[in-house]
Number of protein chains: 2
Amino acid sequence: MRILLIEDERELAEALSVALGKHGIVTDHTMHLADAVELTRQNLYDAILLDRRLPDGEGLSFIPELRRTGKDTPIIVLTALNEPRQRVEGLDLGADDYLGKPFLVEELMARLRAVLRRPPSLAELKIMAGRLVIDPLHLSVTVDATPLDLPRRELLVLSALARRKEKTVLRSTLEAAVYNYEEEIQSNALDAHISRLRKRLIDASAGVTIHNIRGVGYLMKEE
Amino acid sequence: MRILLIEDERELAEALSVALGKHGIVTDHTMHLADAVELTRQNLYDAILLDRRLPDGEGLSFIPELRRTGKDTPIIVLTALNEPRQRVEGLDLGADDYLGKPFLVEELMARLRAVLRRPPSLAELKIMAGRLVIDPLHLSVTVDATPLDLPRRELLVLSALARRKEKTVLRSTLEAAVYNYEEEIQSNALDAHISRLRKRLIDASAGVTIHNIRGVGYLMKEE
DNA sequence: CCACAAGGGTTGCGGCAGCATTGCGGAGCT
DNA sequence: AGCTCCGCAATGCTGCCGCAACCCTTGTGG
């Protein structure tokens, strides 16, 4: 469980970080909205705790900004601006809860739990081919929902082919998918991967076959 | 939009009903818990507003009762019992929000909107894997109902893996689950945690195993 | 129909990167 | 002070993967 804390009072942030840590929550802390945007780009947080008065502006402005990037991470606003009207403002901008300072850590935890109980349904991108389901972000492959673990390079070949199934993939494209520009290749390593991959796909009866297009590249077909 | 209001002060209920009506919300009202159960059986509400002190008992007891029937209708508790401790109690019983009386209708509306924004989904408070039951927000792990206490970092690793059991979890994802961006790691600390965790899982015969996916990450399997 | 060449397929081997395990010591908590 | 947690580092091991040798397939020209 990992959250982002956007808060400019250093002492409070420190204390919260420690307190949440005792509850098994890892906290990233920043004081600036600009950094916060960057951090959410790099990490997937379970929730965000947001102060309103910040050195570089009104914290609430962060909410639409985040939502615009397609993230529906739960946000709890923590602030001394605790008039009912201000609470309405925060909630209607897209916050999931609004807690006035000062507060008890226990209540914050309870509200966090309440908010996290309703998990955001992130649609994970998957590639399907035959009976295979490939999740390229998590590097996982399943055949009829049972996991199939492949060596990393074979998995890279597989997803490059599956992504463009029924279409030929250039040999050079495959090489680019598997090796970075520093890794030179001096033999038929790619062919070897293809070969081993084919065998595994048959063993697992994955419902796909890999065909060669002479002098061009490879082609994945569904059966 | 249709909600259920469980409230014994007739005047407040009347006023709320009218106020919500102006926002296009249809309100069913009852003063008794027994009726409430029956009403939720017959109707699908978008949300439930719940008072605590009721003629026939403590309103909070209604929450687990409702959840047990498989309904995850959002619940907002409205009550004069507004001490932090009482708020924690309500939220941890499964309420989605907790609003102390007196309140402004506008704030109630904003909180309603906030709660309704999130797609309803069965609250998965616990992660199950093998004979393990993990409550990541309360930091508890049990094997066949007997508690197992783990060091904090091992518990973080465990829940990150269990949350995505049968799927590979990237090494970087695990690192992100256990360390924040300030804590640098210069060694195989993560591997060490995995190793110790494995031993404990075996000792406790937890019914799960942790597998390595070379160059990618780890994978938890149930036996 | 055969010869030949070139691209592709398969497989064993060896090096080494990545992983498992464990003891140690410092740090933090009670 | 005694405890546990946890990062660190040393050690041994595993299995991925590049390599290369050899075989197979396809296509072309005579």
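## Two protein chains on two DNA strands

In this predicted model, a polar side-chain atom of Y179(B) sits 3.1 Å from a phosphate oxygen of DNA strand D. That's one of the places where protein and DNA meet here, so to speak, and DNA strand D has 22 residues around it. DNA strand C has 23 residues around it, and chains A and B also touch one another, with 51 residues of each in contact. Let's take these topics one by one.

**DNA strand D**

- Among the 22 residues surrounding DNA strand D, the closest are R153(A), H193(A), R153(B), H193(B) and R214(B).
- Which parts of the strand does the protein meet? Of the DNA strand D atoms within 4 Å of the protein, 58% are from sugar or phosphate, and the rest are from bases.
- Two bases-side examples: R214(A) has a polar side-chain atom 3.2 Å from a base oxygen of DNA strand D, and N188(B) has a side-chain N or O atom 3.2 Å from a base nitrogen of that strand.
- Helices α6 (152-163) and α8 of chain A, along with α6 (152-163) and α8 of chain B, each bring at least two residues to the surface near DNA strand D.
- Sorted by class, that surface has eight charged, eight polar and six nonpolar residues.

**DNA strand C**

- For DNA strand C, the closest of the 23 surrounding residues are N188(A), Y218(A), N188(B), R198(B) and Y218(B).
- Sugar and phosphate make up 62% of the DNA strand C atoms that come within 4 Å of the protein.
- Two side chains reach phosphate oxygens of DNA strand C: K199(A) has a polar atom 3.4 Å from one, and R171(B) has an N or O atom 3.5 Å from one.
- N188(B) turns up here as well, with a side-chain N or O atom 2.7 Å from a base oxygen of DNA strand C.
- Which helix gives the most to the surface near DNA strand C? That's α8(A), with six residues.
- Both α8 (189-203) of chain A and α8 (189-203) of chain B supply at least two residues of that surface.
- The class count near DNA strand C comes to 12 charged, eight polar and three nonpolar residues.

**How chain A is laid out**

- Chain A splits into domain 1 (2-116) and domain 2 (127-222), and the C-alpha centres of these two domains are 42 Å apart.
- An unreviewed UniProt entry puts the feature "domain: Response regulatory" at residues 2-116 of chain A.
- That span is 44% helix and 23% strand, and its end C-alpha atoms lie 11 Å apart.

**Where the chains meet**

- How much area do chain B and chain A bury between them? About 4400 Å², with 50% of it on carbon and sulfur atoms.
- R118(B), L137(B) and Y181(B) supply 17% of the area that chain B buries against chain A, more than any other three residues.

**Backbone oddities**

- Most peptide bonds are trans, and most residues other than glycine have a negative phi.
- In chain A, the peptide bond from K101(A) to P102(A) is cis, with omega near -5°, and P102(A) is in the loop between β7 (97-100) and α5 (105-116).
- In chain B, the bond from K101(B) to P102(B) is cis, with omega near -5°, and P102(B) is in the loop between β7 (97-100) and α5 (105-117).
- S205(A) isn't a glycine, but its phi is positive, near 40°; this residue lies in the loop between α8 and β13 (208-213) of chain A.

Notes: Residues are numbered from 1 along each chain as its sequence is written. Chains are lettered from A and ligands numbered from 1 in the order in which they are written. This is a predicted model: local features need pLDDT of at least 70, side-chain atom pairs count only at pLDDT 80 or more; totals for chains, interfaces and linings use all residues. Side-chain values use heavy atoms; hydrogens and water are left out. A residue is near a molecule or strand if one of its heavy atoms lies within 4 Å of it. A polar contact is a pair of N or O atoms within 3.5 Å; within protein, one must be able to donate a hydrogen and the other to accept it, and residues adjacent in sequence count only if both atoms are side-chain atoms. Helices (H or I, at least four residues) and strands (E, at least two) are DSSP runs, numbered from the N terminus. Ala, Val, Leu, Ile, Met, Phe, Trp, Tyr, Cys and Pro count as nonpolar, Asp, Glu, Lys and Arg as charged, and the others, Gly among them, as polar. UniProt positions are given in the numbering used here, feature names are shortened, and annotations may be inferred rather than shown by experiment. Domain bounds come from an automatic or database domain assignment. Contact means heavy atoms within 4.5 Å. Buried area is the accessible area (1.4 Å probe) that two parts lose on being put together, summed over both.
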